[in-house]
Every structure is written in structure tokens, then in C-alpha cells.
Amino acid sequence: MYDGQEFLRDKRWCLSRRTLLTGAGALGGAGLLSACGGGDSSADQAAATPGTVLARTGDVPVGGGTVVDGVLVVQAEAGTFTAYDATCPHQGVRVGAPRDGVITCPAHNSTFAIGDGARLGGPASRGLTEIPVRVDGTDIVRA
């Protein structure tokens with residue numbers, strides 16, 4: 001019978017990287033693995049460039065929002081658009097679009113206010129980082 005220390009010294013229980021990735025792929029785990037990332041894809045980096053169109057005003061519902069290339073664009077009140085880095089400050093998991101005025105991280109249920117990105121609850125130690133945007137006609141553009 002193993003005690004805790006013997007278990008940690010016994011490497012037989014460790015998965016190789018190849019085994020982990022193969023198993024994740026077999027389970028359709030690409031989404032699982034990508035959820036762990038910090039959001040540094042080339043699309044995310046493009047969204048960080050000033051002048052980039054993030055969304056169209058008609059694509060962002062009043063009281064809700066949409067996540068585009070690592071940026072969460074919200075419309076807390078009609079005609080008022082705000083954007084946040086969609087990366088949860090707790091462990092870097094991407095937050096989802098708001099529901100009922102609350103933005104939630106799916107990993108550990110940290111919650112944030114739609115109006116200012118402030119932390120409402122959960123393990124995150126701070127709110128979401130605001131990204132400056134402006135409206136140009138029907139486009140919401142990174143300022």
C-alpha cells in the first residue's frame with residue numbers, strides 16, 4: 001500500500017505529454033486544452049491593435065455582450081458600448097458573454113459587473129481590464 005510520499009516518488013502514474021494530448025484529442029478535447037490558454041492567439045493580438053473593428057453595434061445586445069478575439073464587448077445600456085479583456089484575472093480563462101447583467105468566468109465562477117467590469121464575487125482578486133473603444137458608424141472599434 002502506498003503512503004503519500006511513495007505515491008509521489010512513483011512515476012508510473014504520470015501521463016506523458018503525448019498520452020495526454022492523444023487522449024484529449026480522442027475526447028474532442030481541443031476546446032478543453034484551449035480553455036487553459038491565456039488568450040495569446042494571433043487573432044487575439046490583432047484585436048489589441050488600435051483601429052481594429054471588434055464588432056458591429058447590432059451584434060451586441062442591450063444588457064449583454066459578445067466575445068470577439070479575446071475581447072468582451074458589452075452594451076450595458078442602449079447605445080453605450082464598453083470592452084474588456086475577456087481573460088479572467090484569476091487564472092486566465094476566457095469569460096463568457098454576460099447574462100442578466102453579470103459576466104461569469106466558467107472555470108471558478110468569478111463574477112463581474114457588466115457596467116464597469118468590477119469584481120462581484122469569486123476567487124478573482126480584481127475586476128476585468130477595460131479596453132478603450134469608440135463607435136464609428138455601426139462599428140465598435142478599438143481606440
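Two strands count as paired if DSSP finds at least two bridges between them. Keep that rule in mind for every view of this predicted model.

**View 1. The hairpin of E3 and E4 turns through glycine 79.** How many residues lie between E3 and E4? There are 2 residues between these strands. Glycine 79 sits in the turn, with a positive phi of about 85 degrees. Strand E3 covers residues 71-77, and strand E4 covers residues 80-85. The two run antiparallel and are joined by 6 bridges. One bridge links glutamate 77 to threonine 80 in E4. Leucine 72 stands opposite tyrosine 84 in E4.

**View 2. Strand E3 is mostly covered.** Is E3 mostly buried or exposed? Of its 7 residues, 5 are buried. Buried here means under 20% relative accessible area.

**View 3. E2 and E3 form a hairpin too.** This hairpin has 2 residues between its strands. Aspartate 69 takes a positive phi near 50 degrees. E2 and E3 pair in the antiparallel sense, over 5 bridges. Find glycine 65, then look across to valine 74 in E3, which stands opposite.

**View 4. Four strands make an open sheet.** The order is E2-E3-E4-E8, and the pairing is antiparallel. Which strands lie at the edges? They are strand E2 (64-68) and strand E8 (130-131). Each of these edge strands pairs on one side only. What holds such a sheet together? Strands of a sheet pair through backbone hydrogen bonds, in a parallel or an antiparallel way.

**View 5. Three strands make another open sheet.** Follow the order E5-E6-E7, with antiparallel pairing. The edges are strand E5 (102-104) and strand E7 (119-121). Each edge strand has a partner on one side only. By what average angle are neighbouring strands turned against each other? The average is 35 degrees, with direction ignored.

**View 6. E5 meets E6 in the sheet of 3 strands.** Strand E6 spans residues 111-113. E5 and E6 pair in the antiparallel sense over 3 bridges. Which residue of E6 stands opposite valine 102? Alanine 113 takes that place.

Definitions and conventions. Residues numbered from 1 in each chain as written. Predicted model: local features only at pLDDT ≥ 70, side-chain atom pairs only at ≥ 80, totals over all residues. Heavy atoms only, no water. Axes fitted to C-alpha atoms, helices over the stretch in contact; angles between N-to-C directions. Buried < 20%, exposed > 50% of the residue type's maximum accessible area, 1.4 Å probe, protein only.
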